[in-house]
Amino acid sequence: MSKLLSTEFYKLRKKFVAILVITIAFAVAGAFASISATGTVYVGMNIFFSMFGLIFCGMTGVFISQDFANSTIRNKLIIGHTRFNIYLSYQIAFAVLAFLMTAVFIGSYILLGKLFSGVELFQAEQPAPDVLKVYRENFFKAFPVYLVAVPAYTTLGVFISITLKNSLGGVVTVIIVYELNSLPLLDAIFPENKFVAFINIVLPPSQLFLMEKLSAGSDFSPLKYILFSMIFAIVMIMLGYAIFRKADLK
Amino acid sequence: MDYVLKTNALCKNYRHFKVINGVSMHIPKGAIYGFVGKNGAGKTTLIRLICGLQYPTSGDFELYGVKNTDKAISESRSRMGAVVETPSIYLNMTAEDNLKMQYRLLGMPSFDGIRELLKLVGLENTGNKKAKNFSLGMKQRLGIAIALCGNPDFLILDEPINGLDPQGIIEVRELILKLNRERQITVLISSHILDELSKLATHYGFIDSGRIVKEMSAEELEQACRKCIHMNVTDTKILARVLDSMKITYKILDEKTADVYAKPNFSQLAIALSKENCEVISMEEHDENLETFFVNLVGGANHE
């Protein structure tokens with residue numbers, strides 16, 4: 001497993017600068033969108049947070065599908081690496097990267113907000129606009145949810161790309177996660193539907209969207225969201241591995 | 001005899017279509033095993049099964065004495081390298097980086113052997129050129145170099161000369177011979193270019209419609225393909241005595257038939273036999289090469 005992880009991290013290291021640039025670009029875009037709309041920044045409020053999850057999941061699919069397009073996955077199997085280890089190494093590498101980049105994304109976002117909106121975000125006793133109150137109240141709840149939801153989201157990218165076993169995996173991942181991102185809209189169409197409400201709590205893409213909609217005094221438990229994200233991740237990994245375990249590869 | 005690979009009634013079905021149908025093959029240690037078959041005969045599927053890319057529907061195989069169902073098969077596989085169909089390479093990396101990736105996968109402690117490997121396959125001067133800009137032959141050789149990472153004892157090459165120019169074919173052939181002779185690597189090489197195989201192989205396995213039709217050594221094949229006169233006589237004991245006196249090599253097939261490996265003076269031979277009361281019933285020239293042998297073999301199997 002360590003050999004596979006070392007290989008995956010080495011491959012990602014080669015793309016690290018590009019990934020970092022994309023992450024910070026998203027943070028910059030998100031921060032400026034927030035500043036222009038409210039005069040300040042806070043976690044939530046704009047679409048860049050859920051878009052970041054989408055982009056990361058899509059990127060996971062694109063990267064892994066390269067192994068199938070180049071047939072380099074064969075090199076791992078031929079020399080005796082087990083399918084379980086191969087699947088898990090992909091998952092761990094991308095989940096770790098997603099975790100780090102989410103932290104970089106939120107960190108950059110806050111830093112930019114402090115630099116350009118001039119608001120002391122954590123001094124609650126200071127007079128502040130309403131949006132900032134929401135931020136102060138929810139920051140330490142929303143941040144951990146993001147940190148878990150984005151890596152959990154990557155399990156979908158790994159699942160789709162490994163199940164499809166070809167170069168289309170990346171494209172299909174992007175299409176599917178794009179569609180999933182519109183799932184939270186069902187909440188507006190069916191506001192009383194319990195199933196829709198449940199789905200939106202369980203799925204990481206919907207969780208990211210819900211974090212944007214937090215209001216002051218909202219009663220939500222980050223632990224519940226984190227738990228659902230983890231269950232989602234475990235189910236996707238188990239399902240993905242069950243398919244990959246018996247799959248015929250070319 | 002030590003076998004690197006033994007398959008036992010291996011079957012692979014795609015839905016109801018039997019691609020591999022009870023294949024039993026035996027690859028001796030140190031051999032260059034030419035795996036011969038038409039397109040769609042099941043060569044690549046069998047190789048995929050051995051490499052762990054696909055699972056058999058039934059039957060099993062042993063790699064270095066370890067069954068494919070055994071957990072230790074992973075360790076056995078670490079002793080082999082393979083190029084299945086197209087070379088598995090990272091197109092956006094250089095030859096050296098591709099080998100480094102494979103070294104990492106194998107958990108090799110250092111990259112010391114990479115220069116030597118690149119030299120062995122003739123890619124030592126490719127520098128920063130990315131694999132996507134390589135010619136087909138260079139990609140093929142890079143694929144072989146990747147397969148050779150970790151000093152495997154067993155190399156599987158699936159159609160390694162497909163699409164190569166004559167110079168590339170010669171280079172790959174010489175490389176395979178060098179690996180076999182200098183590093184004692186057992187090679188399984190599949191191809192339908194029989195002329196090329198005949199320049200390499202020490203053993204052959206003929207596959208048709210998912211079944212091994214025949215397995216034989218190069219010597220046995222040479223015997224089978226040797227130019228000879230197939231003679232039908234009333235008594236081969238007398239024929240043997242006469243041929244011995246004429247110092248002509250032959251092979252007695254049964255009481256009435258024999259293969260004569262030379263072109264004797266037939267008048268003299270007929271007279272000598274006649275004196276011994278042995279009658280020549282028929283004579284037929286037998287001249288087969290690997291191609292005609294294969295065609296006859298496969299045709300024969302189809303008519304069974």
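Begin by selecting H2(A) and H6(A): A:Ser50, A:Leu54, A:Cys57, A:Gly58, A:Gly61, A:Val62, A:Ile64, A:Ser65 and A:Phe68 of H2(A) are in contact with A:Gly169, A:Gly170, A:Thr173, A:Val174, A:Val177, A:Tyr178 and A:Asn181 of H6(A). The model on display is predicted.

**First stop: the helix pair in chain A**

Keep both helices selected and look at their axes. The axis of H2(A), residues 48-69, comes within 7 Å of the axis of H6(A), and the two cross at roughly 160 degrees. This angle makes H2(A) roughly antiparallel to H6(A), because angles over 145 degrees count as such. The crossing of the two helices is right-handed.

Now hide H2(A) and retain H6(A). This helix of chain A runs over residues 169-181 and has 13 residues. From the first C-alpha to the last, H6(A) reaches 18 Å, close to the 18 Å expected at 1.5 Å a residue. Which residues of H6(A) are buried? Colour A:Gly169, A:Gly170, A:Thr173, A:Val177 and A:Asn181 to display them. These residues lie on the same side of H6(A), because they cover an arc of only 100 degrees around the axis. An α-helix has 3.6 residues a turn, so residues three or four places apart point the same way.

**Second stop: the loop after H2 of chain A**

Move to A:Ser71, in the loop between H2 and helix H3 (73-78) of chain A. Inspect the backbone here: phi of A:Ser71 is near 60 degrees, a positive value in a residue other than glycine. Is A:Ser71 buried, exposed or partly exposed? The residue counts as partly exposed because it has 18 C-beta neighbours inside 10 Å.

**Third stop: A:Ser206**

Select A:Ser206, which is part of helix H9 (residues 204-212) of chain A. With 27 C-beta neighbours inside 10 Å, A:Ser206 counts as buried, since the cut-off for a buried residue is 20 or more. Which residues does A:Ser206 touch, if those up to four places away in sequence are not counted? Add A:Leu183, A:Pro184, A:Ile199 and A:Asn200 to the selection to see them. A distance may then be drawn from A:Ser206 to A:Ile162: the C-alpha atoms are 23 Å apart in space, and the residues are 44 apart in sequence.

**Fourth stop: chain B as a whole**

Display chain B alone. Its secondary structure comes to eleven helices and 15 strands. Along the principal axes, the C-alpha atoms of chain B fill a box of roughly 80 × 45 × 30 Å. Chain B has 304 residues, and buried residues make up 41% of them. Of the contacts in chain B with a separation of 6 or more, 69% are accounted for by residues 24 or more positions apart.

**Fifth stop: where the chains meet**

Bring chain A back into view. How many residues does each chain give to the contact? Chain B gives 26 residues and chain A gives 19 residues. On the side of chain B that touches chain A, select helix H2 (73-77), strand S7 (80-83) and helix H3 (95-106) of chain B, each of which supplies at least two residues. The largest share of that side, five residues, comes from H3(B).

**Sixth stop: H3(B) and its partner helix**

With H3(B) still selected, add helix H5 (residues 136-148) of chain B. The axes of H3(B) and H5(B) come within 9 Å and cross at roughly 30 degrees. That angle makes H3(B) roughly parallel to H5(B). H3(B) passes H5(B) in a right-handed crossing. To view the contact, show B:Ala95, B:Asn98, B:Leu99 and B:Gln102 of H3(B) together with B:Leu142, B:Ala145 and B:Ile146 of H5(B).

**Seventh stop: an exposed loop residue in chain B**

Go next to B:Gln184, in the loop between helix H6 (166-182) and strand S9 (186-191) of chain B. Phi of B:Gln184 is near 55 degrees, a positive value in a residue other than glycine. B:Gln184 counts as exposed because it has 10 C-beta neighbours inside 10 Å.

**Last stop: H9(B) and H10(B)**

Finish with helix H9 (residues 236-245) and helix H10 (residues 266-275) of chain B, which pack at an angle of about 130 degrees with their axes 10 Å apart. This angle makes H9(B) oblique to H10(B). Their crossing is right-handed. Show B:Ile238, B:Leu239 and B:Val242 of H9(B) with B:Leu269, B:Ala272 and B:Leu273 of H10(B), the residues that make the contact.

Notes: Residues numbered from 1 in each chain as written. Chains lettered and ligands numbered in written order. Predicted model: local features only at pLDDT ≥ 70, side-chain atom pairs only at ≥ 80, totals over all residues. Helix = DSSP H or I, 4+ residues; strand = E, 2+ residues; numbered from the N terminus. Buried ≥ 20, exposed ≤ 12 C-beta atoms within 10 Å, placed from the backbone. Contact = placed C-beta atoms within 7 Å. Expected span 1.5 Å × (residues − 1). Arc of directions from axis to C-beta. Axes fitted to C-alpha atoms, helices over the stretch in contact; angles between N-to-C directions. Parallel < 35°, antiparallel > 145°, perpendicular 65-115°, else oblique. Left-handed = near helix turned anticlockwise from the far one by under 90°.
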